[in-house]
Structures are given as structure tokens and as C-alpha cells.
Amino acid sequence: VWVFIDFLSIYQFEQTPEQRKKFDLAMDNMHLLYAHESTMTLRLEHLSPYPHPNGNPSKNSNVVKIWHKASKKVKDVARDQLKNNDRPYQRRGWCRVEVQWSSARSESHSNVQIDAHLGSSEEQKRKFKCQVAEHPDQFQDRTTGEEIKFNRPKDKPIVLKLQKKVFLQKANEREHLVVENVEAPEIAVLAKSIRYYKCLKSLTLRHFFCEFDQAMALCKALADMSQLPLTRLLVLYPEDAESERVLKEAFRRCKVKEKNPKIDFQTKIKEKEEKEMSMQTEEWRKRSRRPEPTIPAMLDFLQKDFSSKFFSLDDWMYKSEDDRRAVLKAFQRSVTVKLLWVAYRGHEWNGTYGSDLLKDLKKLQLGSGSSLMAFVISETNIDGSRKVLSRACSEWGSDQHCTWIGDYFIVSLKGPTENVDGQGTSMETLFQSLSPLPF
């Protein structure tokens, strides 16, 4: 995982001429990080608090270590000599445009505020903090109406230009848009910006709140866009019955179906269809080396909800190379699974599947945080299977990591089979402790 923290990852004040050149290059291309489909944005909107006066502050709690311009060095400066910048996150120019870039992705949940629980009001603590990208006129109006400030006033036209460039580029190429985890005001934003999505084929609203005025605004926009290739409006898992009701009523009142006959309003679809609607095309995923959308869900599942010590790879053996590797990487953070297993299927292990899987397993770097210990090939009581699978030891590169226990072929993933956990536990002992086995 590559983590980019902008104020730590690029040169800040005061800069040498060479550092300023690199800083400007970063600024010119910063939007690529925030708007790319292969990245996600996690926002911290609350300012770091000062030490509490009634707490136990350190002896230096009244000073701040900063770059001191006059002395040209980093030094401690008394707080009362500094001007406190307590401007809220949403009123800071670069912060707002970074939110806009991040919201231009195909799925709104790839841009999330993760410190909402620190808010002092119910509105600040609300669950749904995702946002919808604003069209350029909306954003420009907000920068004026909400008094969004820039440390350098000359940055404002640069920011407005970049926001417009990114929004129009992303909107013009977007075929599937998923708006998720949003409040009613974001539906109003969507109503004003949707006309820019010239290639949009499907719009999915999922886990959202909506009020009647916002629903009417959105449906009016859809009714007036007969040139749009949109064929489906999916309304999935609204957070209350009223949100779905007002959307249905607005869809009827605005006569969307009459004015734009190809648009269907749906609230239920098959699981397979929903999966297909929430992903980019297969060609796009292969080109950008993106796993199918079930992979992040599996990772979350393994860390939070999965309690078994065993996991079968049978369903993943013959997926694409990227999908198989993505699933295996998820187990680097599994806290319960100790054994991965797959059923032996005869001649298939003579081909590339078995060899490739073992190579992928060998590349896994399992630290102490992963519970995974071994890979098991079961159902090996087939004539000739021992010869085929023994050859897999050469693929692994060391017979110290491979062994047989009865009819099971075992690959130890963390250490030799005589010391699978670094504490002297043998594979036989591990198997006995995990009995009964599911295979």
C-alpha cells in the first residue's frame, strides 16, 4: 500500500529554488492522485487540539517547533507569538478542491471522512460523509459564498481551473456512477451536475438519505436529458422508507419514463447484476490491473467477520491472475485463518494453475500480524498424485517447507515444517491442534 500525505510528502515552506521547482511540479499534477480510480481518499477534517489546560501538558506545551524565517532554522517559538489558523477544513481552498477531485471518481465511497465521530454536533457526527462532485459553476459559487480562503490568493484561479479540468474530463468519460453514503444535500448537487455526464449508462444510489425537494430536482434533470444513454436508475438500500418513497413519487411526477422511455427505475436486482453494475468494464479492469470489487469486501470480511481457521481457495483457483493475487494478499491481514486449502484436481496440476498458485504463495510476505500458517492440497489419494505434487516442491524451492501428512500435501508458509511458527511447533502438531479439519 502506498500512502501519500500531501503536506509531509512534498516540500513545504521555506524552499530552495530546486525544492520550489519540484513543489510546483507536484501542484501541477496533484489532481492525478486524488481523482485516479485506483486510489482512495481518507479525510481528517478536525484540527489537532492544543494541550488541554487542565491536563498534564509537557514542559514545552506553550511553544511550537516551526521553521523560523528570521533565523532561517527550525526553532521553538512561543504560541502567543504565532497567529492561530483555526479556519475549518471545508473553508480551506486546497482542501476543498482535493475533496472535489476525490469525489470525481466513479464511486463516491472512495472519498471518506474518517474522523466524523470527533464532531461536537449531531450533524458533524453523521454517518454519511461522502460527497458528489460539483460542476465548475457550483464550485466557483461556493468558493465565494462560503468564503473559502487560500493562503496565497493567487492560487484561487489555479484551483478553479484545475477543478473544472478534472470534473469535465471525468464526467465526459463516466459510464457507471455509484453515489453511496450521502445525505440529501448531495442528491441536490448530483441533480445540478448530472447533465455533464454525457456517456452515463447507469446511476446507482445506495445507502443514502433523500428528501422530496432533492428527489424532484434529480428527476427533473433526468426527464430533460433524453440524449443521455442512461438506461437504469438503481435505488438500493435507502436508509429509510421515506427516501425511496420520495424518489418514486418524484420519478412519477416528473414523468421521467414518458419523457425518457429507456430509463428504468429499479429497487431490486440480482446479486450478479449489482456486482456488474458497480464495477468498470472487464476490459478496463484488465488494462488497469484492478481486481474485481469483491476483493476489498473480502479483505474487510476477513478482518472483521470471519472467525473460521480454514478457508477454501477452490472458487479462486481459476480466476484471473490479478484476482487470485489480490485474494491471497488479503490473507496478509487475516487474524483468524490458519490454513488455506484447495482440492486436488488431477491433470490441472500438471498445467499452470498449481504452479502459478504456489509461486504466488511463495511471494506472500506474512508478518507476525497474519495468522496464516500453511497451504493444504486435499483429496490427494489419486493414483499418481504424489508424483505430481512432489514436483511442486521444486516450484517452492525448498523441500523443508513441503511435507505429507496422510493424503494431504502441505506447504508451510512461514517457516520449515518442523518449526512453522518460529517457536518449535511442527506441522503435525499444528494439524492436531486444529482438528477436526474441514477437508
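Helices and strands are here taken as DSSP runs, with a helix needing at least four residues and a strand at least two, and they are numbered from the N terminus. With that in hand, a good place to begin this predicted model is Thr-204, a residue of strand S6. Thr-204 has a relative accessible area of 3% and, because buried means under 20%, it counts as buried. Apart from neighbours within four places in sequence, the contacts of Thr-204 are Leu-177, Val-178, Val-179, Leu-234 and Leu-236.

The surroundings of S6 come next. Strands of a sheet pair through backbone hydrogen bonds, either parallel or antiparallel. S6 belongs to an open sheet of four strands, arranged in the order S5-S6-S7-S8 and paired in parallel. At the edges of this sheet are strand S5 (176-182) and strand S8 (264-266), each of which pairs on one side only. On average, neighbouring strands of the sheet are turned by 10° against each other, direction ignored. Within the sheet, S6 (residues 202-208) runs parallel to S7 (residues 232-236), and five bridges join the two. In this pairing, Arg-206 is found opposite Leu-236 of S7.

The nonpolar cores can be followed from here. The largest nonpolar core holds 56 residues, of which Ile-194, Leu-203 and Leu-205 touch the most other members. Helix H8 (residues 212-223) gives the most to this core, contributing seven residues. Leu-205 offers a helpful view of the packing: setting aside neighbours within four places in sequence, its contacts are Val-179, Ile-187, Leu-190, Leu-218, Leu-233, Leu-234, Val-235, Leu-236 and Leu-247. There is also a second, separate core of 21 residues, with Leu-358, Leu-366, Leu-372 and Leu-413 among them.

Another sheet can be traced further along the chain. Five strands make up this open sheet, in the order S9-S10-S11-S13-S12, and their pairing is mixed. Here the edge strands are strand S9 (310-312) and strand S12 (402-405), and each pairs on one side only. From one strand to the next, the twist averages 25°. An antiparallel pair in this sheet is formed by S11 (residues 374-378) and S13 (residues 408-412), which are joined by four bridges. Ile-377 faces its opposite number, Phe-409, in S13.

Turning back towards the N terminus, strands S2 and S3 form a hairpin with four residues between them. Six bridges link S2 (residues 63-68) with S3 (residues 73-78), and the two strands run antiparallel. One of the residues of this pairing is Val-64, whose bridge partner in S3 is Val-77. In the turn of the hairpin, Lys-72 has a positive phi of about 60°.

Finally, helix H2 rewards a careful look. H2 covers residues 17-35, 19 residues in total, and spans 29 Å from its first C-alpha to its last, close to the 27 Å expected at 1.5 Å a residue. H2 also has a kink of about 50°, centred on Asn-29. Its buried residues are Phe-23, Met-27, Met-30, His-31, Tyr-34 and Ala-35. These buried residues of H2 pack against several elements: helix H1 (6-9), strand S1 (41-43), helix H3 (93-103) and helix H6 (155-173).

Key:
Residues are numbered from 1 along each chain as its sequence is written. This is a predicted model: local features need pLDDT of at least 70, side-chain atom pairs count only at pLDDT 80 or more; totals for chains, interfaces and linings use all residues. Side-chain values use heavy atoms; hydrogens and water are left out. The expected span of a helix is 1.5 Å times one less than its number of residues. The bend at a residue is the angle between axes fitted to the seven residues ending there and the seven starting there. Buried means under 20% relative accessible area, exposed over 50%, partly exposed in between (1.4 Å probe, protein chains only). Contact means heavy atoms within 4.5 Å. Two strands pair if DSSP finds at least two bridges between them. Axes are lines fitted to C-alpha atoms, for helices over the stretch in contact, and angles run from 0 to 180 degrees between N-to-C directions. A nonpolar core is a set of buried Ala, Val, Leu, Ile, Met, Phe, Trp, Tyr and Cys residues joined through side-chain atoms within 4.5 Å.
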